[in-house]
Every structure is written in C-alpha cells, then in structure tokens.
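Student: Can we walk through this one together? I'd like the overall picture, then some local details.

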Amino acid sequence: MKITFLGTGTSQGIPIIGSDHPVCKSANPKDKRLRVSVLIEWNGFHYVIDCGPDFRYQMLRSGCSKIDAILFTHEHSDHVMGLDDIRPFYFKQGDISIYAHKRVIKALKRRFDYIFTTKNKYPGAPSLHVNRIKNKAFKLNEEEVIPIKGLHASLEVFGYRFNDFAYLTDMKSVSDKEIEKLKGVKVLVVNALRIQPHHSHFNLEEALAFIERVNPEKAYLTHISHLLGFHDEVEKSLPDNVFLAYDELEILI
Ligand SMILES: [Zn+2]
Ligand SMILES: [Zn+2]
C-alpha cells in the first residue's frame with residue numbers, strides 16, 4: 001500500500017491569502033500546505049479520501065490518472081469543494097464511486113445539485129455511483145475498510161482504517177469503543193491543528209495523547225494550520241515515532 005499526502009493543511013491552507021505570519025512567509029516547501037487529502041494505492045486501485053478545493057492541482061501534481069473511489073470524512077468545504085473536478089476521470093472512466101455517510105451525501109446533493117440531478121442534466125456534468133455507508137465495515141474491491149467515528153465539535157465524522165493504515169482528520173474526540181477499532185494499526189494519520197486548544201479539532205497536545213492511546217508504530221500529523229509553527233521546528237519537538245506530514249510525502253506500508 002502506498003500513501004501520498006496530497007494536502008496537509010487546514011481549511012485555509014498555508015500560506016493564507018494576504019497573511020504576513022512568518023509561517024505563511026516561510027520559504028521551506030514543507031511549510032506550504034494544500035487542503036487535506038490522501039491518495040491510497042492499494043492492490044492496483046486508487047482511492048482518495050476527501051476532495052477539497054485543491055483537488056485539481058493535487059491530481060496534476062501527483063500524476064494520478066485514475067480514481068477507483070472517493071471516501072468522504074465529512075461535508076465541510078475544505079473536504080468536498082473539488083468534486084466538480086472529477087470530470088476528467090468521469091469522461092475517461094464513467095460514473096465515479098463515492099462512499100459517505102447519508103448526511104454527507106445529502107449535503108453534497110445540496111451543493112452539487114447539477115451532479116445529482118436526473119432531469120435535464122447538463123451533458124458535461126459528472127455522474128457518481130453513490131455508496132451510503134454507516135459506521136460498519138464495508139468492502140472496497142474485496143478489501144475491508146473500517147470507518148472510525150469521531151466528533152468534530154458536535155458533528156460526526158468518519159476516519160477510515162485500511163488494514164495496517166488508518167486516516168483520521170477533523171477529530172476533536174473519539175470514544176473508547178472507536179479507539180478499540182484502531183488496535184494494532186501500524187501507521188496512523190491524525191489531525192493536529194495548532195498549539196492552542198480549538199473547539200472542533202485536536203491541538204498538538206490532544207493529538208499526541210490520542211496517538212499514545214492508539215499506540216501505532218508510527219504516526220503522522222495532518223490538517224495543520226500556520227499556528228502550529230514551522231515544520232522543521234515542530235518536527236524536532238515530537239516523540240520519536242511521530243512525524244509531521246507534509247505535502248507530497250509518500251509512505252509505503
Ligand atoms: Zn477540515
Ligand atoms: Zn471540518
């Protein structure tokens with residue numbers, strides 16, 4: 001399994017438009033973060049988690065030329081607003097499979113009504129094969145994927161476990177029962193927004209405490225804001241098995 005971090009930034013990305021913050025001005029490429037998403041290449045299939053506003057550029061940058069499914073964590077704009085840009089994949093492959101909770105599908109239908117409409121559909125609009133998922137394991141091309149439910153303030157969001165790999169973002173709390181599902185995972189990705197607490201995201205301290213509970217071999221932090229600090233400095237402060245993800249980082253599991 002190969003994981004490519006397509007984006008590792010929080011909702012505004014880094015740099016933020018018009019910001020003079022030193023992290024936004026940093027020349028280090030690792031301090032430049034598109035909106036969060038990962039590409040998972042598994043048994044010859046290509047899966048993307050979330051499809052935010054940077055999706056088009058992320059597909060070009062990673063050289064991804066085929067998508068077998070998009071899994072959504074939740075419906076916030078930084079995770080869904082690139083959906084129109086699946087068109088090149090749709091033109092080549094036909095309907096694109098998406099997997100999401102029914103609430104997320106409802107939100108997508110509101111925002112992208114022209115994609116879901118069946119009446120007078122514009123010929124250039126893409127079409128989807130919609131798979132509604134619950135908090136229950138499901139199959140993706142014969143392999144099992146396990147949703148991990150967490151709370152993002154009061155909003156339920158899904159992380160996903162694929163064998164030895166798990167990807168969780170926009171979490172503020174995860175119940176003991178859901179943490180059980182992460183037992184034995186080798187590589188864990190989890191969100192860490194900034195140093196100060198935040199009402200709907202783990203800050204660094206909460207993310208590290210969560211990682212300690214899950215106890216993976218390695219963990220990577222994502223959904224990072226400029227307020228976490230410079231990549232190289234934060235990285236030095238982390239425990240030995242915890243790393244800051246950065247855009248275009250690839251890991252093999
Ligand atoms: Zn987000
Ligand atoms: Zn969110």
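Tutor: We'll take the whole chain, then two helices, then some backbone oddities. Keep in mind that this is a predicted model.

Student: How many helices and strands are there in the protein?

Tutor: The protein has nine helices and 14 strands. Its radius of gyration is 17 Å, close to the 18 Å that the globule rule gives for 253 residues, so the protein is as compact as a globular protein of that length.

Student: And what box do the C-alpha atoms fill?

Tutor: Roughly 55 × 45 × 35 Å, along the principal axes.

Student: What percentage of the residues is buried?

Tutor: Buried residues are 53% of the 253. On contacts, take those with a separation of 6 or more: 63% of them join residues 24 or more positions apart.

Student: What about surface and charge?

Tutor: The accessible surface is about 11,900 Å², and carbon and sulfur atoms hold 49% of that. There are 34 positive and 32 negative side chains. The centres of those two sets lie 6 Å apart.

Student: OK, helices. Which residues of α2 are buried?

Tutor: Helix α2 spans residues 55-62, and its buried residues are Phe55, Gln58 and Met59. Down the axis of α2 they fall within an arc of 100 degrees, so they line one face of the helix.

Student: Why would residues spaced like that point the same way?

Tutor: An α-helix has 3.6 residues a turn, so residues three or four places apart point the same way.

Student: What's on the face of α2 turned away from the buried side?

Tutor: Arg56 and Leu60, both exposed.

Student: And what covers the buried residues of α2?

Tutor: The cover includes three strands, β1, β2 (37-42) and β3 (45-49), plus helix α4 (87-93). One more detail: glycine 63, just after α2, has a positive phi of about 70 degrees.

Student: Now α5. Which residues are buried there?

Tutor: In α5, residues 102-111, they are Val104, Ile105, Ala107 and Leu108. Their arc around the axis is only 160 degrees, which puts them on the same side of α5.

Student: Which exposed residues sit on the face turned away?

Tutor: Lys102, Lys106 and Arg110 are the exposed residues on that face of α5.

Student: What covers the buried ones in α5?

Tutor: Among the covering elements are helices α3 (77-80) and α6 (113-116), along with strands β5 (96-100) and β6 (128-132).

Student: Switching to backbone. Where is the cis peptide bond at proline 15?

Tutor: The cis bond runs from isoleucine 14 to proline 15, with omega near 0 degrees. Proline 15 is in the loop between β1 (2-7) and α1 (22-25).

Student: What is phi at asparagine 215?

Tutor: Near 60 degrees, so to speak a positive value in a residue other than glycine. Asparagine 215 lies in the loop between α8 (204-214) and β12 (218-222).

Student: Is asparagine 215 buried or exposed?

Tutor: Exposed, at 59% relative accessibility. The cut-off for exposed is over 50%.

Student: What about phi at histidine 223?

Tutor: Histidine 223 has a positive phi of about 55 degrees, and it is not a glycine. Histidine 223 is in the loop between β12 and α9 (231-236).

Student: Buried or exposed, that histidine 223?

Tutor: Histidine 223 is buried, with a relative accessible area of 1%. Buried means under 20%.

Notes:
Residues are numbered from 1 along each chain as its sequence is written. Chains are lettered from A and ligands numbered from 1 in the order in which they are written. This is a predicted model: local features need pLDDT of at least 70, side-chain atom pairs count only at pLDDT 80 or more; totals for chains, interfaces and linings use all residues. Side-chain values use heavy atoms; hydrogens and water are left out. Buried means under 20% relative accessible area, exposed over 50%, partly exposed in between (1.4 Å probe, protein chains only). Helices (H or I, at least four residues) and strands (E, at least two) are DSSP runs, numbered from the N terminus. The arc is that of the directions from the helix axis to the C-beta atoms. Contact means heavy atoms within 4.5 Å. The radius of gyration is taken over C-alpha atoms; the globule rule is 2.2 Å times the number of residues to the power 0.38. Accessible areas come from the Shrake-Rupley method with a 1.4 Å probe; for residues, only the protein chains shown count as cover. Lys and Arg count as positive and Asp and Glu as negative; His and the chain ends are not counted. The place of a charge is taken as NZ of Lys, CZ of Arg, CG of Asp or CD of Glu.
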